[in-house]
Structures are given as structure tokens and as C-alpha cells.
Amino acid sequence: MIRRTAVVTAALCALLTAVPAAAYDAEAGRQKAEANCAPCHGKDGVSEQPTVPSLAGQKNDYVVLALFQFRNGHRPSEVMGPIAKPLADNDLGNLAKYYSSLQPWPAGRAADASAAAAGPALTLKDHCIQCHGPNLTGQDSVPRIAGQKIDYLTMQLKAFHAGNRGDIDGNMTSIAAALSDADIATLADYVSGLSAP
Ligand code: HEC
Ligand code: HEC
């Protein structure tokens, strides 16, 4: 597992540094996204389906990372695996540039009062804000999670907890391993209700 992660990381670093984001084409990304991705991820990258993540305003490097991991099977997904397979490196760069250029998705719901009260201390104690940023809006290859779909967040945290979600460096897997079901429910509820610029 550790070896495999190291190989994925090296290949991804090569991909991210070989061609700077500026060299990619957001318009080509938009055309591909409207034809192939919008039916599930929504028009302008704002999903209306509970288990499909929004992509609008997601971090460029994280979108490349996610597609890269779906394509090589490191992040197993029956839905995204076959969709990512035929994408060329250029497509990954164009799609990431397009989605990251959009206005970030709005929070689709308000957190329950108890989760809203308990959430901030939990994200501090479990270091979420250290990597995902003070407003959980992400940075570099760490994803924006503020306002993401609650069902999607719950599924991903459970998958990390169970050790079967693709994970670039293993950090999320070790962090989620220590979370209880109640922590996961509170975190997903709180984070999904955050509206952040
Ligand atoms: C049939 C519906 C469907 C289509 C079409 C689709 N996706 Fe997805 N996508 C999903 C689902 C469901 C997930 C969550 C997969 C998982 O984690 O198992 C996902 C996850 C993703 C993620 C990861 C986001 C994150 O926050 O980790 C990215 C990036 C992504 N898709 C990009 C694309 C792109 C680009 C296209 C078009 C080329 C596309 N998707 C087409 C359903 C779809
Ligand atoms: C050491 C840095 C780090 C810390 C601390 C951290 N994360 Fe993450 N998180 C990441 C990275 C990197 C990824 C992307 C991993 C990948 O896909 O390879 C990620 C992915 C995620 C995802 C999946 C998002 C998506 O779009 O699929 C969720 C949800 C998440 N983190 C929530 C949390 C929560 C909640 C906490 C605190 C309990 C936390 N993270 C703490 C670095 C971190």
C-alpha cells in the first residue's frame, strides 16, 4: 500500500510539474465537461445529486489528482473508473483548469444546530483546518470540502476510515481511522453547511 502510494505520487508530481496549469485550455475543458460530466456533476459543476460531488471552484491540482487516481484505479470507483480511463493527460489538465476557474458551489443546506455547535472544535482537534485551510476551502492538492454534499462527505470519510479510498499520502486514511461514526456524522453535517468564498 505504501509502495503503491509512492509510485502514484511520483507519477502525479511529474504530471503536475511537466506542464504548468497556464498551458492548459479551460475552453476545451468546458466543452468536454458540458458533453461528458454535466449530466452528473451538474451545470457549471454544481451537483444536484446527493452522492455526486460538486466540482465548481475545486482546486486545480486536486481535480487532476482525483482524475489521475480514478484513471489508474488507485481510487476505485465503478462510476468514475470507466469515465476516467479514456482521458488523456491533456484532458485532465483542461478539465481541472475549467472546473477550478468557476465560482465555488454554494452550501446546499444549513447544518443541524448540534453539529454547527460541535463542528469547529472537532475540525480544530482533528487538524482538518491545518490541511484543508481555515475555511475548509482547500489548497493545492487538498480539496475544498466546505459546503460539499453531506451524503458524499459521509461516504468519503467512511471509505477513508475503512481504508478503501484512494489517498495520495495516507494522511486522510490515518486521520479517518481514528474517527468514530458519531464524529463522521457530525463532521459531514457541519462541513456540508459551511458557505465559504
Ligand atoms: C454517471 C455520473 C458521472 C459522470 C458522467 C461523471 N461523474 Fe465524476 N463522479 C461521479 C461520482 C458518483 C463520483 C464519486 C465517486 C466516488 O468517490 O466513488 C464522482 C467523482 C468525481 C471527481 C472527484 C471529486 C472529489 O471531490 O473527489 C472528479 C474530479 C470527477 N468526478 C470528475 C468528472 C469529470 C471530469 C467527468 C467528465 C469527464 C465526470 N466526473 C463524469 C459521477 C459522475
Ligand atoms: C495532513 C493533511 C490533512 C488533514 C489533517 C485532513 N485532511 Fe482531509 N484530505 C487531505 C488530502 C490530501 C485529501 C485528498 C486525498 C486524496 O484524494 O488522495 C483529503 C481529502 C478529504 C476528503 C475527501 C474530499 C473529496 O472531495 O472527496 C474529505 C471529506 C476530507 N479530506 C475531510 C477531512 C476532515 C473532516 C478532516 C479532519 C477530521 C481532514 N480531512 C483532515 C488532507 C488532510
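Is H41 buried or exposed? H41 counts as buried, because its relative accessibility is 10%, and anything under 20% falls in that class. Keep in mind that everything here comes from a predicted model. H41 is a good way into the structure, since this residue coordinates the iron atom of ligand 1.

**The iron of ligand 1**

Let's stay with that iron. Its partners from the protein are H41, through NE2, and M80, through SD, at 2.0 to 2.3 Å. H41 sits in helix α3 and M80 in helix α5, so the pair links distant parts of the chain, 39 residues apart. M80 is also buried, because its relative accessibility is 16%. The site has six donor atoms with angles of 86 to 178° among them, and its geometry is octahedral. For reference, six octahedral donors would ideally make angles of 90 or 180 degrees.

**Around ligand 1**

Now step back to the residues around this ligand. There are 20 of them, and C37, C40, H41, Y62 and M80 come closest. Helix α4 is the top contributor to the shell, with four residues. The elements that each supply at least two residues are α3 (38-41), α4, α5 (80-84) and α9. As for the kinds of residue, 14 are nonpolar, five are polar and one is charged.

**The iron of ligand 2**

What coordinates the iron atom of ligand 2? Here the residues are H132 (NE2) and M172 (SD), at 2.0 to 2.1 Å. H132 belongs to helix α8 and M172 to helix α10, so the two tie together parts that are 40 residues apart in sequence. This iron also has six donor atoms, and their angles of 84 to 179° make the arrangement octahedral. How much of each residue is accessible? H132 is buried, with a relative accessible area of 9%. M172 is partly exposed, because its value of 22% is not under the 20% cut-off for buried.

**Around ligand 2**

The shell around ligand 2 holds 24 residues, and C128, C131, H132, R165 and M172 come nearest. By class, 15 are nonpolar, six are polar and three are charged. Helix α9 gives the largest share, five residues. The shell also reaches across domains: domain 1 (2-101) and domain 2 (113-192) each give at least three residues.

**Polar contacts with the two ligands**

Side chains also approach N and O atoms of both ligands, and the table puts these pairs side by side.

| Residue | Ligand atom | Distance |
|---|---|---|
| H41 | nitrogen of ligand 1 | 2.8 Å |
| R75 | oxygen of ligand 1 | 2.9 Å |
| Y152 | oxygen of ligand 1 | 2.9 Å |
| Y62 | oxygen of ligand 2 | 3.2 Å |
| H132 | nitrogen of ligand 2 | 2.8 Å |
| R165 | oxygen of ligand 2 | 2.6 Å |

With those contacts in view, the elements giving two or more residues to the shell around ligand 2 are α4 (60-71), α8 (128-132), α9 (150-162) and α10 (171-177). Y62 is worth a second look: this residue is among the closest to ligand 1, and a polar atom of its side chain lies 3.2 Å from an oxygen atom of ligand 2. H132 turns up twice as well, coordinating the iron atom of ligand 2 through NE2 and placing a polar side-chain atom 2.8 Å from a nitrogen atom of that ligand.

Key: Residues numbered from 1 in each chain as written. Chains lettered and ligands numbered in written order. Predicted model: local features only at pLDDT ≥ 70, side-chain atom pairs only at ≥ 80, totals over all residues. Heavy atoms only, no water. Near = heavy atom within 4 Å. Polar contact = N/O pair within 3.5 Å; in protein donor to acceptor, adjacent residues only side chain to side chain. Nonpolar A, V, L, I, M, F, W, Y, C, P; charged D, E, K, R; others polar. Domains from an automatic or database assignment. Donors = N, O, S within 2.8 Å, 3.2 Å for Na, K, Ca; no water. Tetrahedral: all angles 85-135°; square planar, octahedral: opposite > 155°, others 65-115°. Buried < 20%, exposed > 50% of the residue type's maximum accessible area, 1.4 Å probe, protein only.
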